[in-house]
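I opened the notebook to look up three things here: a pocket, the cysteines and the nonpolar cores. Here are my entries.

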Amino acid sequence: MGEFNVHRVRFFDYMPSAIRALAFQPQRERIAVARTDGTVEIFNRADCFFQEKVIPGRQQAATEALAWVGDRLFSAGLNGEIIEYDLDNNKTKYTIDAYGGPIWSITSNKQGTHLAVGCEDGTVKLFEVHEDRIQFERNLAKQKGRIISLSWHPSGSKIVAGMMDVIHIFDTETGKLRALAFPSYDLLGTSRSQECVVWSVVYLSDGTIISGDSAGKVKMWDSRTGTLIKSHQVTKWDVLTLSVSQDETSLAVGTSEGHVVQFQFLSMVLGQEDKEWVRTRTFKNHTHDVRAVLEVNTAIVSGGMDTQFVVRPLLDKIDERGQASALRNIQFPHRRLVSCARKAGLLLFQYPGHLELWRLGESEGNGERKRENTTLSIKRKRWIAYSTVASFRLYRLHCENNNVSIIKVSKLPKVLSSANQICFSSDSSHLFVASTCSSVHVAILNQSGCKFVCTLKPKSGSGQAINLLAASEDGKWLASANSDHEVQIYNLNKMKPHCTVPVHSSGVSAMAIHPTTNNLFMVHADQQLTEYSVEKKQYTDWSRQVQRHGLHSLWLERDTPVTNVTFNPKNPAHIVLHDMYMFCIIDQTLPLPDQRSQFYNQLTLRSMPEKERKKHSHAFKMCKIFKELLFVELMEDQSLVVVERPLMDITAQLPAPVRQKKFAT
């Protein structure tokens, strides 16, 4: 594997935002995640829960609730606005004001024809879903107090609303309260002096209504008679969220003490058809409020104030062990937040609202480093380029000894308005900007500024956004990958498409072009490795060998994707890559491990006799001595830059739990 002087960097204070809402699209198996900073993320359940898209948000427009209508995604928030998202280009499509004050909930009917939002002013507002927009249709009977939670009956003819001390049923055809609309506190079983907030409701096809409230209870009601069927005291604190499975046989419950509780609809007597809701499991994967849960086929997905996106498999629904049976705790984005200038020794950290530029210190040997010195902090905003939702910025960076200066390029081509991905050529002479519909704008950079050259467009005509760009060292080739799993390669000498890599069933999580062979090395979300010869337009012999031989189960069962690929300039056969928990050097001259091979760490291998060591030698050299990784890069001087973000540091920065469990209680 070799020895490296290591720059161990821990001053990137990345802090993820809390999760506020989740929504599942069952046909395409996509999960939308809304965070408190307004960001919306899209995960592909069928592709190992890979984070396919990230839609930037605004803090002042934080999302309170999400809803899918077919392939379309909507959100609503306390600013009173409804947003539809452009999922092809990862941005807001349009925003409309519901004119009801803050919106607490949004839901769609099963037929996909209407949206309903619950507002601060006591109205449930119905919007008709048209092909290009939504249009206000009517207000349901106005109530006193805010509408906190909503759920449609599967027929679409009724909707249930949870409020303070009351549950109401509305007729969506007439807009009126139904004759059997529930009364108030007596329904909830609370005293007149104690307010009870109905945080979540679910309306089942058989007419059962399930509610979760601030008294810590999950209750089942008969909507036809308004009578209580069953009450479960789940917690001493609040039940914040409910989610029922598609077949209505399982219910997930999220609480303010960080627990997720599962109920199942079971027959209590063998052979009899009568069933009831029974508490079956309690999962303790969160430290803070669980604000959102989902029942997703074979797993329960949850998120909350501790920022974790947790996938808890339901083992009774999984046939065999593998990736599907692994507990996933997604903490970091499935993309790079760090950029590195390998020759200049500079690191650029991407925060939500600003960038920070750091220069690496001198190594003192033995894997240690001197303290790095910050050289610049660009608030809200060699070359530095960045893009926001609304604008693109380019700066000229000049480094001489310890002096650093930065100059903004004031005149930019109009076509560079915003970007999904940005990439420079290795000699800094060209800028590549990923735009809409999988297209890439090419610009020339020189002392006089930035000049637009052309736009590269894929032959496929895909409308999906590009999520990765990679340029070759010799300046001849550019590769792009989009969320349709398409990888396009462009000839930069001719400025036109060169070829398309055969589409893999899993998305590309990281890729790079080898500096000497011009082979495109790709790592996929399902942990498969592929290598494609750009010049020959075919997979390499090594890649074909991997497909024939198969990868080791220990490699395939890892639950976090590789987010960066780089190469050893002193040894072309070495490929360096990393995920959240390890970095790995793949030596393409060594044999692939078989299923009996062990992935020993290097210290253990060194302690073995030479004969024994050779017996265990294979292509994968893994290192897990570092804390959770945001970035690993091999520099020109053969030193290794490791950017760590220990999860304990993130936890330490979280607010105290709302409900802290005390000893012996």
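For the pocket lining I count Ala, Val, Leu, Ile, Met, Phe, Trp, Tyr, Cys and Pro as nonpolar, Asp, Glu, Lys and Arg as charged, and the others, Gly among them, as polar. The model is predicted, so local features need pLDDT of at least 70 and side-chain atom pairs 80 or more, while totals for chains, interfaces and linings use all residues. Residues are numbered from 1 along each chain as its sequence is written, and side-chain values use heavy atoms, without hydrogens and water.

**Pocket.** I looked up the lining of the second largest pocket and found 27 nonpolar, 17 polar and six charged residues. A pocket here is an open set of points on a 1 Å grid over the protein atoms alone, where a 1.4 Å probe fits, with protein on both sides within 12 Å along at least five of seven lines; lining residues have an atom within 4 Å of a point.

**Cysteines.** My search of the whole structure for disulfides (cysteine sulfur pairs within 2.5 Å) found zero. Cysteine 450 is unpaired, with the nearest cysteine sulfur, in cysteine 454, 13 Å away. Why is cysteine 584 in no bond with cysteine 623? Their sulfurs are 10.0 Å apart, which is too far. Cysteine 584 is buried at 0% relative accessibility, and cysteine 450 is buried at 12%; buried means under 20% relative accessible area with a 1.4 Å probe, protein chains only.

**Contacts.** I then listed the contacts (heavy atoms within 4.5 Å) of phenylalanine 620. Beyond its neighbours within four places in sequence, its partners include Cys584, Trp555 and Leu529.

Definitions and conventions:
Buried means under 20% relative accessible area, exposed over 50%, partly exposed in between (1.4 Å probe, protein chains only).
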